[in-house]
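Dear colleague,

I am passing on the structure we spoke about, and below it you will find what came out of going through it. Please read the notes with the structure open beside them.

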Amino acid sequence: MKNLISMRDLSKEEILHLMDVTGKIEAGKIVPNMQRKLAALLFFEPSTRTMFSFDTAMKRMNGDTIIMSGTGQTSVKKGESFADTLQTIAQYSDIIIMRSPVEGSARYASEVVDIPVVNAGDGANQHPTQALLDLYSIVKTQGTLENLSIGLAGDLRFGRTVHSLAQAMALFNVKFKFISPSFLKMPQYIKDDLKSQKIEFEEYENIEDNIDDLDVLYVTRIQKERFADPEDYEKLKGSYILERPMLSNVKENLKVMHPLPRVDEIHTDVDNTEFAYYFPQAKNGVYTRQAIISILLGEVR
Ligand code: CP
């Protein structure tokens, strides 16, 4: 693994290895040392979890970070190109971790620089480090990734987290329920991909009648920033909300996950049920990102 750009680039064996390394890092059985290593965090879109968990991951391993949060204070404002910015940052750092609203930008960056590049989210396309922490959260709570029933709910059209997660979970013989307003259905190219792998999926619009047989319900935000027409967002916002009474007949092992941030799609009355897992899920992001950096920089094999 030289870069981490898309879940489609990872084999099942590589994913399982990453899960194993992540578990050993959390348990203290592997203690990676990133002393004298520097990660450049280039975030051209807002972030709380991804940026700060990568920063935390690097610092927990005695490494260091430089952070670009927006371009306001950089020479991009003077007209410097994206390629020149990347090539300059690559002179200072050992790894670039990048978020951008532009689909394909992380792949492009990996072709411009000769240090590892990690895609921390590129538009509505991919968010592979989120998918890996989601997989780790599923293994921790379900004991396996195989043969599970997974509900993906919310903005499946523009949601990069669900695109990456669906492609990753397809390697583990899961059954999917895609739950979304019709405007926000899972893109056809992902569904074609699943069909070619003989992965079963069904599509629904209603959340409350379709969650009782699930092992994992993965809820996502309707993302205002991805809508070209604000009126479309206004029509759909608040169109589904998971509330505590809807969980009365679910399986005991169900875990409700969410990449966060949440707006109103999970009512706060779900937070103190045994089903809520979204905050521990965010914590798992630190161990997962320690594993990703360690493997990409050759500290852990
Ligand atoms: N899950 C996620 O990507 O969160 P942030 O946008 O806060 O990084």
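Please keep in mind throughout that this is a predicted model. Within it, 5 strands form an open sheet in the order E7-E6-E5-E8-E9, and their pairing is parallel. The edges of that sheet are strand E7 (200-204) and strand E9 (255-257), each of which pairs on one side only. From one strand to its neighbour the turn is 20 degrees on average, with direction ignored.

At the E9 side of this sheet, strand E8 (residues 216-219) pairs with E9 in the parallel sense over 3 bridges, and Tyr 218 stands opposite Met 257 in E9. Towards the other edge, helix H7 (residues 188-196) lies across strand E6 (175-179) and E7, and the helix runs at about 145 degrees to E7.

There is also an open sheet of 4 strands, with the order E2-E1-E3-E4 and again parallel pairing. Its edge strands are strand E2 (64-69) and strand E4 (117-122), each pairing on one side only, and the twist averages 10 degrees from one strand to the next. Strand E3 (residues 95-100) runs parallel to E4 and is joined to it by 4 bridges, and the bridge partner of Ser 100 in E4 is Asp 122. Helix H4 (residues 105-112) packs on this sheet, where it touches both E3 and E4, and its direction makes about 160 degrees with that of E4. As a general reminder, the strands of a sheet pair through backbone hydrogen bonds, in either a parallel or an antiparallel way.

Taking the protein as a whole, it has 9 helices and 9 strands, and along its principal axes the C-alpha trace spans about 55 × 50 × 40 Å. A compact globule of 301 residues would have a radius of gyration near 19 Å, and because the protein has 19 Å, the two agree.

The ligand may be the part you wish to look at with most care. The residues that surround it are Ser 47, Thr 48, Arg 49, Thr 50, Arg 99, His 127, Gln 130, Pro 259 and Leu 260. Which residues place polar atoms by the oxygen and nitrogen atoms of the ligand? A polar backbone atom of Thr 48 is 2.8 Å from an oxygen atom of the ligand, a polar side-chain atom of His 127 lies 2.9 Å from an oxygen atom of the ligand, and a backbone N or O atom of Leu 260 lies 3.0 Å from a nitrogen atom of the ligand. Taken alone, the ligand exposes 250 Å², and the protein buries 91% of that area.

Leu 260, which is among the residues around the ligand, also takes part in a backbone feature that deserves a second look, since a cis peptide bond joins Leu 260 and Pro 261, with omega at about 5 degrees. Pro 261 is found in the loop between E9 and helix H9 (278-296). A second backbone feature concerns Asn 173, whose phi is near 55 degrees, a positive value in a residue other than glycine. Asn 173 lies in the loop between helix H6 (160-169) and E6. For comparison, most residues other than glycine have a negative phi, and most peptide bonds are trans.

With best regards

Methods:
Residues numbered from 1 in each chain as written. Predicted model: local features only at pLDDT ≥ 70, side-chain atom pairs only at ≥ 80, totals over all residues. Heavy atoms only, no water. Pairing = 2+ DSSP bridges. Helix = DSSP H or I, 4+ residues; strand = E, 2+ residues; numbered from the N terminus. Axes fitted to C-alpha atoms, helices over the stretch in contact; angles between N-to-C directions. Contact = heavy atoms within 4.5 Å. Near = heavy atom within 4 Å. Polar contact = N/O pair within 3.5 Å; in protein donor to acceptor, adjacent residues only side chain to side chain. Areas by Shrake-Rupley, 256 points an atom, 1.4 Å probe, with all protein chains shown as cover. Rg over C-alpha atoms; globule rule 2.2 N^0.38 Å.
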